[in-house]
Amino acid sequence: MTLITDVRLRRVLDSRGNATVEADVLTESGGFGRGKAPSGASTGEYEAIELPATEAIANAREDAIPRLVGEVHAGNQRDVDAALHAADGTDDFSGIGANSAVAISMAAAKAGADVLGAPLYQHLGGTFRGNEYPTPLGNIIGGGEHAADATNIQEFLAAPVGAPSVEEAVFANAAVHQEVHDILADRDLPAGKGDEGAWAPSVSDDEAFEIMDEAVETVADDFGFAIAFGLDVAGAELYDADEDGYVYDDGVKSTAEQIDYIAEKVEEYDLVYVEDPLDENDYEAFADLTDRVGDQTLVCGDDLFVTNVERLQAGISAGAGNSILIKPNQIGTLTDAVDAIELATESGYESVVSHRSGETEDTTIAHLAVATDAPFIKTGAVGGERTAKLNELIRIEDNAV
Ligand SMILES: C=C(OP(=O)(O)O)C(=O)O
Ligand SMILES: [Mg+2]
């Protein structure tokens with residue numbers, strides 16, 4: 001029933017106005033699924049390779065589609081993804097492009113779910129999956145590679161850890177976003193938005209910490225549950241090997257100073273989450289920071305692990321971090337992403353399923369987070385391509401998909 005009978009690829013827009021790959025998968029019994037690839041700006045050095053959309057489409061038409069149509073069942077995700085790897089023939093998807101691979105992988109999963117008449121999270125997670133919903137981390141203030149003339153730290157993220165439901169959590173994050181707007185207006189600080197919809201004011205990192213602290217406290221009082229916050233430092237973007245340190249507007253911090261700085265901020269603001277606090281090649285520094293604050297906060301590897309089981313295994317052995325960011329397009333298929341989540345879970349690492357800064361209205365990651373019982377999802381706070389996932393989470397919780 002789920003035998004793939006057609007795969008169609010086309011170029012569509014992402015949220016930055018760039019071209020990305022959309023895939024449609026059709027099956028023998030009329031099943032249909034559609035997936036779209038997201039795209040990063042602060043990409044990790046070890047990510048799978050995104051090709052220009054037209055090239056990715058041409059290569060996948062030539063090499064991948066013949067291995068899928070009439071050959072593979074969409075309901076068997078491991079077979080679909082193995083066929084994509086075989087068609088690609090490289091270890092980083094530079095043959096067909098990770099953008100073609102992930103779009104086809106997600107489209108096939110949706111086609112499989114369609115034939116089964118099950119929601120995607122049910123198809124991916126199975127009937128014995130847990131009953132947890134992820135806490136959404138909402139990007140509220142940001143800079144780095146996502147906005148010019150804003151903070152050095154890439155993302156200040158609201159974390160509604162005390163929310164009684166996904167719905168309450170999603171609305172709390174939106175309220176923090178609005179509260180920060182009001183605080184910025186009171187301080188006469190005009191702000192546009194960065195790529196993910198976070199406010200991008202021209203303030204120091206220290207001022208952003210103060211503003212976040214005030215905003216989450218106000219909204220927590222209004223909503224009646226705990227809201228903490230966290231960071232994506234995107235340390236690899238700040239690290240400059242020539243300077244042998246992390247380059248901030250107010251000077252360069254050595255690795256030891258960077259570890260002290262992050263540890264002090266964790267203490268001062270009770271941060272619950274710090275992503276990529278250090279460079280993507282520095283497992284040792286990640287391990288040092290994890291030793292210091294790993295019992296108080298999640299130390300999450302994004303560019304460090306790139307959703308890759310081998311890099312995660314190296315991190316586990318080194319004691320680097322206690323959490324992994326999961327971005328399916330960083331590794332190219334849903335199978336690879338789920339393998340990373342499973343290794344993380346077995347090893348006591350928390351998984352945070354994540355969007356990219358360049359996104360589409362695709363909602364697959366909301367289903368993936370629920371299917372795998374991931375404790376967190378990072379997919380923005382506002383903006384259509386972000387609310388597509390947040391609203392889908394609300395629907396999943398409401399049994400309405
Ligand atoms: C979402 C992120 O940004 P990008 O997609 O630009 O890598 C991130 O760094 O976590
Ligand atoms: Mg990151």
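Let's start at Asp240, which sits across from Gly245 of strand E10. This is a predicted model, so please hear everything I say today in that light. E10 covers residues 245–248, and two bridges tie E10 to E9 in an antiparallel arrangement. Add one more strand and you have an open sheet of three, ordered E9-E10-E11, with antiparallel pairing. On the edges are E9, residues 239–240, and E11, residues 251–253, each of them paired on one side only.

Now, a quick reminder before the next set of strands. Strands in a sheet pair through backbone hydrogen bonds, and the pairing can be parallel or antiparallel. Both kinds turn up around strand E8.

E8 runs over residues 228–232, and five of its five residues are buried, so the rest of the structure largely encloses this strand. In a regular strand, side chains alternate between the two faces of the sheet. Have a look at E8 with that in mind: Ala228, Gly230 and Asp232 point one way, Phe229 and Leu231 point the other way, and all are buried.

Who are the neighbours of E8? With E5, the pairing is antiparallel and extends over five bridges. With E12, residues 273–275, the strands run parallel and three bridges join them. Asp232 is a handy landmark here. In E8, Asp232 stands opposite Glu155, and Asp232 also has Glu275 of E12 as a bridge partner.

Let's carry on from E12. Three bridges connect E12 to E13, again running parallel. One bridge pair to find on the screen is Tyr273 with Leu298 of E13. E13 takes in residues 298–301; Leu298 and Cys300 point one way, Val299 and Gly301 point the other, and all are buried.

Some of you will have been waiting for the annotated residues. The UniProt record, an unreviewed entry, gives the feature "binding site" at His146, Glu155, Glu275, Asp302, Ser354, His355, Arg356, Ser357 and Lys378. I'd like to pick out two from that list.

First, Glu155. You'll find Glu155 in strand E5, which spans residues 155–159. Is Glu155 buried or exposed? The cut-off for buried is 20 or more other C-beta atoms within 10 Å. Glu155 has 29 of them within that distance, so Glu155 is buried. If we set aside neighbours within four places in sequence, the contacts of Glu155 are Asn139, Gly142, Ala198, Leu231 and Asp232.

Next, Ser354. This residue belongs to strand E15, residues 350–354. Ser354 counts as buried because 27 C-beta neighbours fall inside 10 Å. With the same four-place exclusion, Ser354 is in contact with Leu325, Ile326, Lys327, Lys378 and Thr379. Lys378 is a name you have just heard, as UniProt lists Lys378 under "binding site" too.

Let's zoom out to the domains. The protein divides into domain 1, residues 4–117, and domain 2, residues 135–397. Their C-alpha centres are 27 Å apart. How many residues of domain 1 are in contact with domain 2? There are 30, and they meet 32 residues of domain 2. On the domain 1 side, strand E3 (32–36), helix H3 (77–88) and helix H4 (98–116) each supply at least two residues. H4 gives the most, with seven. By class, that side of domain 1 has twelve nonpolar, eleven polar and seven charged residues.

H4 deserves a moment of its own. Of its 19 residues, 18 are buried, so to speak mostly covered. Does its length add up, and what span should we expect? At 1.5 Å a residue, the 19 residues of H4 should span 27 Å, and the end C-alpha atoms are 27 Å apart, which agrees. Just after H4 comes Gly117, with a positive phi near 70°.

Last stop, helix H15, residues 384–397. The 14 residues of H15 should span 20 Å at 1.5 Å a residue, and the end C-alpha atoms are indeed 20 Å apart. Its buried residues include Glu385, Arg386, Lys389 and Leu390, and also Glu392, Leu393, Ile394 and Ile396. What do these pack against? Their partners are helix H5 (120–125), strand E4 (135–142), helix H6 (166–186) and helix H14 (364–371). After H15 comes Asn399, whose phi is positive, near 55°.

Thanks, everyone, and I'm happy to go back to any of these on the screen.

How values were computed: Residues are numbered from 1 along each chain as its sequence is written. Chains are lettered from A and ligands numbered from 1 in the order in which they are written. This is a predicted model: local features need pLDDT of at least 70, side-chain atom pairs count only at pLDDT 80 or more; totals for chains, interfaces and linings use all residues. Domain bounds come from an automatic or database domain assignment. Two residues are in contact if their C-beta atoms, placed from the backbone, lie within 7 Å. Helices (H or I, at least four residues) and strands (E, at least two) are DSSP runs, numbered from the N terminus. Ala, Val, Leu, Ile, Met, Phe, Trp, Tyr, Cys and Pro count as nonpolar, Asp, Glu, Lys and Arg as charged, and the others, Gly among them, as polar. Two strands pair if DSSP finds at least two bridges between them. The expected span of a helix is 1.5 Å times one less than its number of residues. A residue is buried if 20 or more other C-beta atoms lie within 10 Å of its own, exposed if 12 or fewer, and partly exposed in between; C-beta atoms are placed from the backbone. UniProt positions are given in the numbering used here, feature names are shortened, and annotations may be inferred rather than shown by experiment.
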